[in-house]
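Trainee: Could we look through this one together? I would like to learn how to read it.

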Amino acid sequence: MDATSMTDGFHVMVDALKLNGIDTIYGVAGIPITDLARLAQAEGIRYIGFRHEQNAGNAAAIAGFLKQKPGVCLTVSGPGFLNGLVALANATTNCFPMILISGSSDRAIIDLQQGDYEELDQLAAAKPFAKAAYRINRPQDIGIGLARAIHAAVSGRPGGVYLDITAATLGAVLDVETAQKSLIKPVDPAPRQIPAPDSIARAVELLSRAERPLIVLGKGAAYAQADEQIRMLVEQTGIPFLPMSMAKGMLDDNHSQSASAARSYVLGNADVVLLIGARLNWLLSHGKGPVWSESTQYVQIDIDPTEIDSNRSIAAPIVGDIKSSVDALLAAMKPGSVKPSAAWVEDIGTRKQKNMDRMAERLRANPDPMNFSSALGAVREILTKRPDVYVVNEGANALDFARNIIDMKLPRHRLDSGTWGIMGIGMGYAIAAAIETGKPVVAIEGDSAFGFSGMEIETICRYRLPVTIVILNNGGIYRGDTTGGEPSPTGFVPNARYDKLIEAFGGRGYHCTDAESLAQAVQEGLSSGLPTLINAVIDPTAGTESGHIQSLNPKSALQK
Ligand code: ADP
Ligand code: TZD
Ligand code: MG
């Protein structure tokens, strides 16, 4: 056989990725995958090089959420892989499809623990944190390895998949014919899961008896891209809805049926709740009192049967994909058979109005220095006119205030700390949102939150991405250190000039101490379409410990 009919693992991997429509790779280069990145780029795959694998992994994960296909992150072995593992675990926790592909060193040396360069038993390390984990040991298995990874990432409940590829496999030579025959493009990797008809009948029966029904939309509903079906369900029944944070914008936050401004009232008083792609985890107080009533009954739509009864008994489970399940519900409900009572709608309306008036007052105030409400009021003023902007958000107070103050109008436009309440997703999510959608991004960041991925501002500048970062800078975790003594565990350098960081890479920095200049800076960042970092100076005494989740914080019994 002559050399022209031979190929190698690098080429087979790139061919397999292309065959499966993987058009973007997020990663950090190095041994043994540098040539894989180079070759992928040469073959037309977009390669986005990061400064830390965790951020590349977070980018891949959110790309998966936005596109309903696995985002791919590429790392080196050992520590590079481990840096990416946090993102893989976060993807799995949030039900985002992603594939972490890491090169690995010599199996013979790893297994005898003889000390190879960046030696680590990566497959074993990945297993507890991934939905699935596979290793490819032979070049002719690359096609099937990637196919298995894709199926695992997007079928059923989506999640993070680890795909280990040894350096030897990448370098191994095989003939072109064998290589071509080995490639696989999965047929229907995320098959519809049609709910059982009796589960639909049971749900409709329960819903038709409800007087105070509520629909809770979770990020599973956003992921499912069943936007039209969900709108029809909500509007045809007239049931009030409550979006979880990443489901904001599925319907306009200003929709007359939105119950967000009366959240605790509706959770505490609904008699039948329809959960659509939302788990009854800590973010919904586990479905328990005092937030929820003992007598509330639930319909739950979820693709994962083991989610049902995870925290509380579910009277009418619907196991299926959201699109098929909502279609089935719509088909089974006779017009007018499911509707909220007039009193319920009126009560919610009254409470909403009161809370919205209160919020408007807080947004109108113009304190010096700025607090969270006044700063976010300025950001809101600009974003209201730009519903196409993707909003990334992390922090404690910075997260809680922005979630409430910044309204969303379009589905999947709000990307945040999610199920773990994790810090560090900011720049990775912002980069992927810009890359995948071509739309502008505003990342609203606590000053602590920003620090976890802040070095990626170089990446943002290198690729000239339309990302505007607003740092709500109160000088620390939850608030600033005003004691003046030894730095406190939660305090940072007071009056830090984050705006100067981005200038080092050619981006534009703003230092804003009032709401007017902040609004102006956000406007300029958005209209320039260029990397922008706004240091919004917040009162260091603003902010409460742990934001809105102080109740989860154990306090030392010995503390005075
Ligand atoms: P939130 O944090 O917004 O409340 P969660 O992440 O807790 O949302 O819940 C998302 C749920 O959606 C998960 O239980 C997951 O299994 C489910 N899910 C994801 N995609 C689909 C889909 N296409 N169809 C049905 N359920 C889905
Ligand atoms: N590490 C990781 C990975 N995730 C976390 N959630 C934390 C640490 C703990 N943590 C929070 O839960 S919020 C937060 C940390 C460190 C930062 C809060 O400070 P901030 O926001 O400046 O980002 P505010 O506006 O000052 O509250
Ligand atoms: Mg802070």
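**From the whole fold to one helix**

Mentor: Gladly! Among contacts in the protein (heavy atoms within 4.5 Å) between residues at least 6 apart in sequence, 76% join residues at least 24 apart. This is a predicted model, where local features need pLDDT of at least 70, side-chain atom pairs count only at pLDDT 80 or more, and totals for chains, interfaces and linings use all residues. Residues are numbered from 1 along each chain as its sequence is written, chains are lettered from A and ligands numbered from 1 in the order in which they are written, and side-chain values use heavy atoms, leaving out hydrogens and water.

Trainee: What share of the 560 residues counts as buried?

Mentor: Buried means under 20% relative accessible area, with exposed over 50% and partly exposed in between (1.4 Å probe, protein chains only). By that rule, the share of the 560 residues that counts as buried is 56%.

Trainee: How far does helix α16 reach from its first C-alpha to its last?

Mentor: Helices are DSSP runs of H or I with at least four residues, numbered from the N terminus. The expected span is 1.5 Å times one less than the number of residues. Helix α16 covers residues 372-383, 12 residues, and its reach is close to the expected value: 16 Å.

Trainee: Why is α16 largely enclosed by the rest of the structure?

Mentor: Among its buried residues are F372, L376 and I382. Their cover includes α15 (342-364) and β16 (441-446). The helix is largely enclosed because the buried residues number 10 of the 12.

How values were computed. Helices (H or I, at least four residues) and strands (E, at least two) are DSSP runs, numbered from the N terminus.
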